[in-house]
Amino acid sequence: MPLAPRPAQRLSGQPYTLPEDAIEWIEALAALRREAVTNPRVAPFREHIANACERTLEVLRSDAPGPDEASPGKS
């Protein structure tokens, strides 16, 4: 049985929440671009962030369902 995911937390310890719409996602990604260059807490993870962004980009540009979406014909 897989472990339940733990709630994400910000570096400050506060609960992390996802952007709620496309505008907030665009703003969050713009902030990430700035932080990846200037924030020393983010910089060590640049390669991991880039890999996650590349996988997300592949899904956004394709018709394939994302990892959390059910495949057609499966339940």
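**Exercises on a two-helix chain**

Of the 75 residues in the chain, 8% count as buried. The model is a predicted one.

**Exercise 1.** Determine how many helices and strands the chain has, and state its accessible surface.

*Solution.* The secondary structure consists of two helices and zero strands. The helices are α1 (22–38) and α2 (46–60). The accessible surface of the chain comes to about 7200 Å². Carbon and sulfur atoms account for 58% of that surface.

**Exercise 2.** Check whether the span of α1 agrees with 1.5 Å a residue, and identify the contact at the start of α1.

*Solution.* The expected span is 1.5 Å times one less than the number of residues. For the 17 residues of α1 this gives 24 Å. The end C-alpha atoms of α1 are 25 Å apart, which agrees with the expected value. At the start of α1, Asp21 places a side-chain oxygen within 3.2 Å of the backbone nitrogen of Ile23.

**Exercise 3.** Decide whether Asn39 is buried or exposed, and locate its side-chain contact.

*Solution.* Asn39 belongs to the loop between α1 and α2. Buried means under 20% relative accessible area. Asn39 has 14% relative accessibility and therefore counts as buried. A polar atom of the Asn39 side chain lies 2.7 Å from the backbone nitrogen of Arg41.

**Exercise 4.** Describe the largest pocket by its space, its lining and the classes of its lining residues.

*Solution.* The largest pocket holds about 1200 Å³ of space. Its lining comprises 28 residues, and Tyr16, Trp25, Ala28, Leu32 and Ile49 lie nearest its centre. Both α1 and α2 supply at least two lining residues each. The largest share, eight residues, comes from α1. Sorted by class, the lining contains 19 nonpolar, four polar and five charged residues.

Methods
Residues are numbered from 1 along each chain as its sequence is written. This is a predicted model: local features need pLDDT of at least 70, side-chain atom pairs count only at pLDDT 80 or more; totals for chains, interfaces and linings use all residues. Side-chain values use heavy atoms; hydrogens and water are left out. On a 1 Å grid over the protein atoms alone, a cavity is a set of points where a 1.4 Å probe fits but cannot get out, and a pocket is an open set with protein on both sides within 12 Å along at least five of seven lines; lining residues have an atom within 4 Å of a point. Grid points are joined across faces, edges and corners, and a volume is the space filled by probe spheres set on the points. Helices (H or I, at least four residues) and strands (E, at least two) are DSSP runs, numbered from the N terminus. Ala, Val, Leu, Ile, Met, Phe, Trp, Tyr, Cys and Pro count as nonpolar, Asp, Glu, Lys and Arg as charged, and the others, Gly among them, as polar. A polar contact is a pair of N or O atoms within 3.5 Å; within protein, one must be able to donate a hydrogen and the other to accept it, and residues adjacent in sequence count only if both atoms are side-chain atoms. Buried means under 20% relative accessible area, exposed over 50%, partly exposed in between (1.4 Å probe, protein chains only). Accessible areas come from the Shrake-Rupley method with a 1.4 Å probe; for residues, only the protein chains shown count as cover.
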